Amino acid sequence: MSKYEIIIYWSHDDQAYIAEVPELRGCAADGRTYQEALTNVEAVIQEWIETAGELGRPIPKPKGRLMFA
């Protein structure tokens, strides 16, 4: 399980839930349901980290909560 902050919101344009990981540039996924978007982004986080490692790019350490409601 990831410790990165995940932001999930409904996109009217895409008619899907969007899950973004602000600390990992470009890391996002979507889903028809909130849970599907969360499941999908958790897989994408792992892929993002693996790819960054293979390319020798820095992998940010999770900072936890970044924004306040």
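In this predicted model, residues 24 or more positions apart account for 31% of the contacts in the chain with a separation of 6 or more. The exercises below go from the overall layout to single residues.

**Exercise 1. Describe the overall layout of the chain: which helices and strands are there, and in what order?**

Solution. Begin with the inventory, which comes to one helix and three strands. Reading along the sequence then gives the pattern β-β-β-α. For the dimensions, take the principal axes, along which the C-alpha atoms fill a box of roughly 35 × 25 × 20 Å. Finally, turn to burial, where 26% of the 69 residues in the chain count as buried.

**Exercise 2. Work out how the strands pair, and name a pair of opposite residues for each pairing.**

Solution. Start with E1 (7-11) and E2 (16-20), which pair in the antiparallel sense over five bridges; here Ile-7 stands opposite Glu-20 in E2. Continue with E2 and E3 (28-31), a pairing that is also antiparallel and runs over four bridges, and in which Tyr-17 has Gly-31 of E3 as its bridge partner.

**Exercise 3. Examine Gln-15: where does it lie, and what is the sign of its phi?**

Solution. First locate the residue, which sits in the loop between E1 and E2; the hairpin formed by these two strands has four residues between them. Next consider the backbone angle, remembering that most residues other than glycine have a negative phi. Gln-15, by contrast, has a positive phi near 55 degrees, although it is not a glycine. As a last step, check the surroundings: the relative accessible area of Gln-15 is 52%, so this residue counts as exposed.

**Exercise 4. List the residues of the largest nonpolar core, and find the element that gives the largest share of it.**

Solution. The core has 10 residues, namely Tyr-4, Ile-8, Ala-19, Val-21, Leu-24, Cys-27, Ala-29, Ala-37, Val-41 and Ile-45. Its largest share, three residues, comes from helix H1 (residues 34-55). To see one core member in its setting, take Ala-19 and leave aside its neighbours within four places in sequence; its contacts are then Ile-6, Ile-7, Ile-8, Cys-27, Ala-28, Ala-29, Ala-37 and Val-41.

**Exercise 5. Compare the charged residues Glu-36 and Glu-23: which of them forms a salt bridge?**

Solution. The general idea is that side chains of opposite charge can pair when their charged atoms come close. For Glu-36 the partner is Arg-32, with the closest N and O atoms 3.1 Å apart, and the two form a salt bridge. Glu-36 is partly exposed, since its relative accessible area is 25%, whereas Arg-32, at 67%, is exposed. The count for the model comes to one salt bridge.

Now turn to Glu-23, which is found in the loop between E2 and E3. This residue is buried and yet has no salt bridge, the nearest side chain of opposite charge being that of Lys-63, 5.4 Å away. Because a salt bridge requires the side-chain nitrogen and the carboxyl oxygen to be within 4 Å, that separation of 5.4 Å does not qualify. The side chain of Glu-23 does, however, reach the backbone nitrogen of Lys-63, at 2.8 Å.

**Exercise 6. Decide whether Glu-42 is buried, partly exposed or exposed, and state how far it is from Ala-16.**

Solution. Glu-42 belongs to helix H1, and because its relative accessibility is 32%, it counts as partly exposed. Glu-42 and Ala-16 are 26 residues apart along the chain, and their C-alpha atoms are separated by 17 Å.

How values were computed. Residues numbered from 1 in each chain as written. Predicted model: local features only at pLDDT ≥ 70, side-chain atom pairs only at ≥ 80, totals over all residues. Heavy atoms only, no water. Buried < 20%, exposed > 50% of the residue type's maximum accessible area, 1.4 Å probe, protein only. Lys, Arg positive; Asp, Glu negative; His and termini not counted. Polar contact = N/O pair within 3.5 Å; in protein donor to acceptor, adjacent residues only side chain to side chain. Core = buried A, V, L, I, M, F, W, Y, C linked by side-chain atoms within 4.5 Å. Contact = heavy atoms within 4.5 Å. Pairing = 2+ DSSP bridges.
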